[in-house]
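Please open the structure in your viewer and keep the sequence beside it. The tour proceeds from the whole chain to one helix and its surroundings.

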Amino acid sequence: MTRNTVLEARRATVIIFVTLGLLVLISGIMLETAPSGPGSKDAIALGLTKETWSDIHVYASFIAAGAAVVHAYTNYRGILFHLGLLRPKRRKTK
């Protein structure tokens, strides 16, 4: 991967993480405050049923997990450095 491609992938994963994080947060709050028990599947919040909020929550979480894999791939050198498995390169001083 070229440097520009890696930078674009990093930017994209940050945008995806923020967007999906907010989506998972909102859907989680909706699911937590929704009524429970028999017949609660038809409860509506912000125009969406509880079942739809559950689907949004699950799919957004899976996509965030995929974005985490891309994020780890594009930042593998930083991960290795922080784990102590990679030493920084010494730059030659002028």
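Select the whole chain and display its surface: about 7700 Å² is exposed, and carbon and sulfur atoms supply 64% of this area. Accessible areas come from the Shrake-Rupley method with a 1.4 Å probe, and for residues only the protein chains shown count as cover. The model is predicted: local features need pLDDT of at least 70, side-chain atom pairs count only at pLDDT 80 or more, and totals for chains, interfaces and linings use all residues. Residues are numbered from 1 along each chain as its sequence is written, and side-chain values use heavy atoms, with hydrogens and water left out.

Next, switch to a cartoon view. The chain has 3 helices and 2 strands, where helices (H or I, at least four residues) and strands (E, at least two) are DSSP runs numbered from the N terminus. Their order from the N terminus is α-β-β-α-α. Show the C-alpha trace, which spans about 70 × 25 × 20 Å along its principal axes.

Now select helix H2, residues 50–74. At 1.5 Å a residue, its 25 residues should span 36 Å (1.5 Å times one less than the number of residues), and the end C-alpha atoms are indeed 36 Å apart, which agrees.

Within H2, highlight Trp53, Ala60, Ala64, Ala67 and Thr74, the buried residues of this helix. Buried means under 20% relative accessible area (1.4 Å probe, protein chains only). Across the chain, 15% of the 94 residues count as buried.

Finally, what covers these residues of H2? The cover includes helix H1 (3–33), strand S1 (44–45), strand S2 (48–49) and helix H3 (76–82), with contact meaning heavy atoms within 4.5 Å.

Notes
Buried < 20%, exposed > 50% of the residue type's maximum accessible area, 1.4 Å probe, protein only.
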